[in-house]
Amino acid sequence: MNLDLFDHPDFHPHWREDLCPGAAVLRGAALADESELLRAIESIARLMPFQYRATPGGYAMSVAMTNCGELGWVTDSRGYRYQATSPESHHPWPAMPDLFRTLAMRAAREVGFNDFVPDACLINRYQPGAKMSLHQDKDEVDLAQPIVSVSLGLPAIFQFGGLERSDKTQRVNLTHGDVVVWGGAARLRYHGVLPLKAGEHPLTGQYRFNLTFRKAR
Ligand code: SIN
Ligand code: FE2
């Protein structure tokens, strides 16, 4: 281990757990930035309120969503897609804070994705009972770029499966400050979040927030 690391101003000790080739959990990698991340989510949500969107099949999602960055992920009866403006206000999404981009790039680099520069950040808000069914992230143009996912607030059980929906899933407990990166051979693995257990987090109350960084175009 390179002990000079500890002298670096950005260094915050965290632990890496590999899930499979191309995927790892960086435990606590977002902890150093927790307050600034949460403040930024709040100001983004003030400009672009969280919305419960509908799947193309007409189901209301239980997770509320907003976005920042050049592109935002949305869903409605016309399908899943990225777009540069909010479907409600037709305004561009708020800019991605430098802190968000830097954190995502640093996490991606730690897992071997050296040229990841996200252009989209989906912000998910889970309240007790909210869940995300197993799915693949495949609306992005360049599948050589990874997904970086930051967990804040209440803990959740992340399901990490295989390349087929029916493959066995690992259950990964994600807590405040954890960052998951998946790309390469793992890029199209199915994943989801089990219904959020009620609780009270000192910084986020009854919510879990998840930031998912993507290179959409
Ligand atoms: C997602 O797959 O977009 C969300 C993952 C999570 O909330 O941890
Ligand atoms: Fe996803």
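This passage looks at a four-stranded sheet and the iron site beside two of its residues in a predicted model. Residues count from 1 along each chain as its sequence is written, chains are lettered from A and ligands numbered from 1 in the order written. Local features need pLDDT of at least 70 and side-chain atom pairs count only at pLDDT 80 or more, while totals for chains, interfaces and linings use all residues; side-chain values use heavy atoms, leaving out hydrogens and water.

The sheet is open, and its four strands (DSSP runs of E, at least two residues, numbered from the N terminus) come in the order β8-β13-β10-β11 with antiparallel pairing. Pairing here takes at least two DSSP bridges between strands. At the edges sit β8 (132-135) and β11 (170-174), each pairing on one side only. β8 and β13 (residues 191-193) run antiparallel and are joined by two bridges, with H135 opposite H191.

Those two histidines also turn up at the iron ion (ligand 2), whose protein donors are H135 (NE2), D137 (OD) and H191 (NE2), 2.1 to 2.2 Å away. Donors are N, O and S atoms within 2.8 Å of the metal (3.2 Å for Na, K and Ca), and sites may look incomplete because water is not among the atoms. Along the chain the donors follow the spacing H-x1-D-x53-H; H135 in β8 and H191 in β13 are 56 residues apart, so the pair links distant parts of the chain.

How exposed are the two? H135 is partly exposed, at 23% relative accessible area, whereas H191 is buried at 4% (buried is under 20%, exposed over 50%, partly exposed in between, with a 1.4 Å probe and protein chains only).
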